[in-house]
Amino acid sequence: MFRVTLHTKDQQRIDAVHYQEGFKKAVILTHGFFNAKDAYLFREIAKTLALHYDVVAFDFRGHGKSSGLFTWTAKEGADLQAVINYVKERGYESIGLMGFSLGAAISLIETARNPDIKTLIAVSAPYDFWKIDFNFWKRGMFDDLMLNLGYKAKGKGVRPSHPWQEKMAPIDIVDRISPRSVLFLHGSEDWLINPRHSRKLFDKAKEPKKIIILEKLGHAETMFDQQREMFMTPCIDWFKEHL
């Protein structure tokens, strides 16, 4: 593993890590709000994927060691584009994306625009930023809260901008991903982004596509923390088939 510093078209500095194991295919990981590539669970997810593919994980602007302020998906596509360009320049046979929460939203939008992405796994993706649920009374909220305490919280945080900047909704562009493939993965007990979001995205997307609702699991990387094998098995299987 080695660190890489990239720069976006709007002059943001993006900090990334490259797990280079010598594979011919690569997967890019995109984290969600208040997370980071160096947070415990994302490092564990990256290391698990790196048993099968080279992996590049990075911090969106306003997170971790990258510069700037987080714009709530309005400008983060430029961050992902810089990482895709870096991976493409390394000469990989194909590139996959695995995005979480708002990182999944950004990944859906960028995949629809960028033919260099062969396949995408969208984990706990919202179909529209303004439709996020915030059901604070659900048990899953407390599970997520616990991940912000102790060693699993190290590296997390955000430097936010205001959320009112113009942004695209994934539901408006998801049908443009085809003929590339997309897997929607969601926990049935997601307190923040209800599974209906993935179902709406799945309905709007064109083939090839698939949706998996993991029973009794929560939001985004919390599912990996709750049931690693249950979460990772469909992800690895998907990439083996489509990447």
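## Basis of the model

Helices (H or I, at least four residues) and strands (E, at least two) are DSSP runs, numbered from the N terminus. This is a predicted model, in which local features need pLDDT of at least 70 and side-chain atom pairs count only at pLDDT 80 or more, while totals for chains, interfaces and linings use all residues. Residues are numbered from 1 along each chain as its sequence is written, and side-chain values use heavy atoms, with hydrogens and water left out.

## Aspartate 144

Helix α4 covers residues 139–146 and contains aspartate 144. Aspartate 144 counts as buried because its relative accessibility is 12%; buried means under 20% relative accessible area, exposed over 50%, and partly exposed in between (1.4 Å probe, protein chains only).

Apart from residues up to four places away in sequence, aspartate 144 touches Trp191, His219 and Thr222, where contact means heavy atoms within 4.5 Å. Glutamate 221 is 77 residues from aspartate 144 along the chain, and their C-alpha atoms are separated by 9.1 Å.

## The sheet

An open sheet is formed by 8 strands with mixed pairing, in the order β1-β2-β4-β3-β5-β6-β7-β8; two strands pair if DSSP finds at least two bridges between them. β1 (2–7) and β8 (209–214) are the edge strands, each pairing on one side only. On average, neighbouring strands of this sheet are turned by 20° against each other, direction ignored. Axes are lines fitted to C-alpha atoms, for helices over the stretch in contact, and angles run from 0 to 180 degrees between N-to-C directions.

At one edge, β1 and β2 (residues 13–19) are antiparallel and share 6 bridges. Histidine 7 has arginine 13 in β2 as its bridge partner. The hairpin of these strands has 5 residues between them, and glutamine 11 there takes a positive phi near 70°. At the other edge, β7 (residues 181–187) and β8 run parallel and are joined by 6 bridges; glycine 187 stands opposite leucine 214 in β8.

## Helices across the sheet

Helix α3 (residues 102–113) lies across β3 (25–30), β5 (94–100), β6 (117–123) and β7, and runs at about 145° to β5. Helix α5 (residues 196–204) lies across β7 and β8, at about 165° to β8.

## The α2–α3 contact

The axes of α2 (residues 77–89) and α3 come within 10 Å and cross at roughly 65°. The crossing is right-handed: a crossing is left-handed if the near helix is turned anticlockwise from the far one by less than a right angle, and right-handed if clockwise. Gly77, Leu80, Gln81 and Ile84 of α2 meet Ile106, Ser107 and Glu110 of α3.

Buried residues in α2 include Gly77, Leu80 and Ile84. With 13 residues, α2 reaches 18 Å from its first C-alpha to its last, close to the 18 Å expected at 1.5 Å a residue; the expected span is 1.5 Å times one less than the number of residues. Glycine 91, just after α2, takes a positive phi of about 85°.

## Methionine 1

Methionine 1 belongs to the segment before β1 and counts as exposed because its relative accessibility is 60%. Leaving aside neighbours within four places in sequence, methionine 1 is in contact with Val17, His18 and Tyr19. Alanine 169 is 168 residues from methionine 1 in sequence and 34 Å away in space, C-alpha to C-alpha.
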